[in-house]
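Hi there,

Here is the structure I promised to pass on to you. Please open it alongside this email, and I will walk you through what turned up.

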Amino acid sequence: MSVQDERISIPGPLGEAIVGQLRVNDPQSNKCILILHGHLGHKDYLFLKYLAEEYEGNSFRLDFRGNGESDGDWDRPRLFKDDYADLDAVTDYLRRERQYQFYAIVGHSRGGQVALLYAHHRPDLRIPLLVNASGRYFGSGLRDRYLMRSKTMAEEGGATDKIKVKHTGEVKAKRTPWEEIDANSNIDLSVIEHFPPDVNVLTVMGTRDHIVPPNEVQYFANLLAGRHTLQLVEGADHNYYAPSGEPSPHLPDLAPRHNFNPDVAKYISNWLSSESERKRFWKRSQWIGGTRRFKMDVEGTANFRDLGGWKNEDEQWVRKGWIFRSADLCGVTERGADVMRKLNIKVAYDLRSDPELKKSGWGELEGLQRCHNPVFKEEDYSPEKLAQRFANYHNGIEGFLKAYKTILQHGGHAFRTILLHLRDRPDEGLVIHCKAGKDRTGVICALILKLAGVDDETVAREYELTTEGLKDEHDKIIASLPTSSDEDLNNPKKAALASLMSSKHEAMAGTLKMLQERFGGAERYVKEYCGMTDEDLKKIRENLLVGSEVDWVWRHQGRARRNSQESRL
């Protein structure tokens, strides 16, 4: 995959150019991270450029006005509100011109504080990951540090530092006005306590930071509880070097001026990786209120989970305990069937084809209506067959997009049956399944969540939960794929087959983008392909969504009640 590096000049709030570097490591992704420098810094200093190169996705690192290559008065007070204005210009441009969504903000020192405060300032951007590298918690520490240099600094009007300008090599005097020092000392970082529950923060701190006391990290950890990760860099100072002039006691064999910045870039890149986010999402989504999402005690199947418990953009919740998804049910035991009855599941919608049904069987479960509802009547679309059919699509998610486009084009009649249940049978639970509960099931479940107003990121992450739901089955299915005797997972075609057996966030994210661009979005799709009307959709949403509480269930009387008596299945 080719890497693209592009220097971009963006008009700032006063017409001044904000210059940044766009690094495209994944052209198929619409996600981008922002990388921010600190006081007296620029977009290429310390770990910032290393991170852009190390990170698996796309990034934009900028020079704030008055810094680096950007326009602006070198000596003008740089206030936090000015940084917010710069970031507003950048995010508006990248969303409008490049259709990017922002996955993370990473900042060093003051940039770390800006990252946290800007995410609070712009909740509409829904930025889930924030990295504070060497940023202080107490703003007053900035004022104290300058007053240690001179007790009369306020009267002197500020401080002057000698700075080497990266692009010219010239050493210039940089004036930091007292107005900037004083105003930026009054910031309040306690607001991070009010971040949404899906926001996670990484703090990176050198154990020999000479500017910010390392013990300030405890305040970030206390406010964010389980959503905070701390990465200490042993022996490193504020800029991630071993302090000059003396060897590090932690690294006695290294030169005194050891550079930890490449290591810091790796720490941050790993934390931002899709695999790390998958694990975080899995951890925080295991419970819906007081009940488990995955119903592990439904014996004889896999990937059995509740589709409810997700919040939409109107602060409503998808009902839990009504819609379930799973792999096929032909092996469900009597104990598993009993659990399903306790969950009030009345109907199972089976999306498998006739050949799949003939091969694997049906299975009769007392009290459960089985509705054979194939997306493809004669074509085997099990994960194994799908993987073989689209194995020649080696470049990223192209195989998934081809397969899921075909499912959308042919699945309208099958999906309509399920949507009619959601319209007409609000007091009867249902389970949707195909072979593995991954592809055909994944597409209809994504449509349901989009009709409920759930954002694309959450829908794609919910789809990715199948990776955990099928983890005990995945290797068995891969081993069953027909290949020649000398092929293994290092073989390109076998690797492509294995990739198509996965449930990657990027596959569903790409599908949702295709759904919008090719089919006009979920609502238009179900109208044109499933024959649903505006009145149908209104009724479905009434049945599907509940108020502001996640911990509600639907009982047999067809009305919502507080879940005070429900057993923790």
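Below are notes on the sheet, the nonpolar cores, and the cavities and pockets. Please keep in mind that this is a predicted model.

Let's start with the sheet. It is open and built from eight strands, which follow the order 1-2-4-3-5-6-9-10 with mixed pairing. At its edges you will find strand 1 (4-11) and strand 10 (228-233), each of which pairs on one side only. On average, neighbouring strands of this sheet are turned by 20° against each other, direction ignored.

If you would like one pair to look at, try strand 6 (residues 129-133) and strand 9 (residues 200-206): they run parallel and are joined by five bridges. One residue to pick out there is Leu130, whose bridge partner in strand 9 is Val201. Helix 7 (residues 217-224) lies across strand 6, strand 9 and strand 10, and it runs at about 160° to strand 10.

Next, the nonpolar cores. As a general point, nonpolar side chains in soluble globular proteins tend to be buried together. In this model the largest nonpolar core has 55 residues, and the members that touch the most others are Ile323, Phe415, Ile432, Leu447, Ile448 and Tyr525. Helix 15 (residues 440-451) gives the largest share of this core, with eight residues. Ile448 is a good place to centre your view: leaving aside residues up to four places away in sequence, Ile448 touches Leu307, Ile323, Ile418, Leu422, Ile432 and Leu544. Another core, of 40 residues, lies apart from the largest one, and its members include Val24, Cys32, Leu34 and Leu36.

Now for the empty space. Searching the whole structure turns up three cavities of 30 Å³ or more. The largest cavity holds about 140 Å³ of space. Its lining is made of 15 residues, and those nearest its centre are Arg65, Asn67, Arg76, Pro77 and Arg78. Helix 2 (residues 80-98) supplies the largest share of that lining, three residues.

There is also the second largest pocket, with about 670 Å³ of space. Which residues lie nearest its centre? They are His39, Ser109, Arg145, Ile211 and His238, out of 33 that line the second largest pocket. Helix 3 (110-121), helix 4 (140-149) and helix 6 (178-184) each supply at least two residues of this lining, and the largest share, four residues, comes from helix 4.

Happy to look through it together whenever suits you.

Best wishes

Definitions and conventions:
Residues numbered from 1 in each chain as written. Predicted model: local features only at pLDDT ≥ 70, side-chain atom pairs only at ≥ 80, totals over all residues. Heavy atoms only, no water. Pairing = 2+ DSSP bridges. Axes fitted to C-alpha atoms, helices over the stretch in contact; angles between N-to-C directions. Contact = heavy atoms within 4.5 Å. Core = buried A, V, L, I, M, F, W, Y, C linked by side-chain atoms within 4.5 Å. Buried < 20%, exposed > 50% of the residue type's maximum accessible area, 1.4 Å probe, protein only. 1 Å grid on protein atoms, 1.4 Å probe; cavity = no way out; pocket = protein on both sides within 12 Å on 5 of 7 lines; lining within 4 Å. Points joined across faces, edges and corners; volume = space filled by probe spheres on them.
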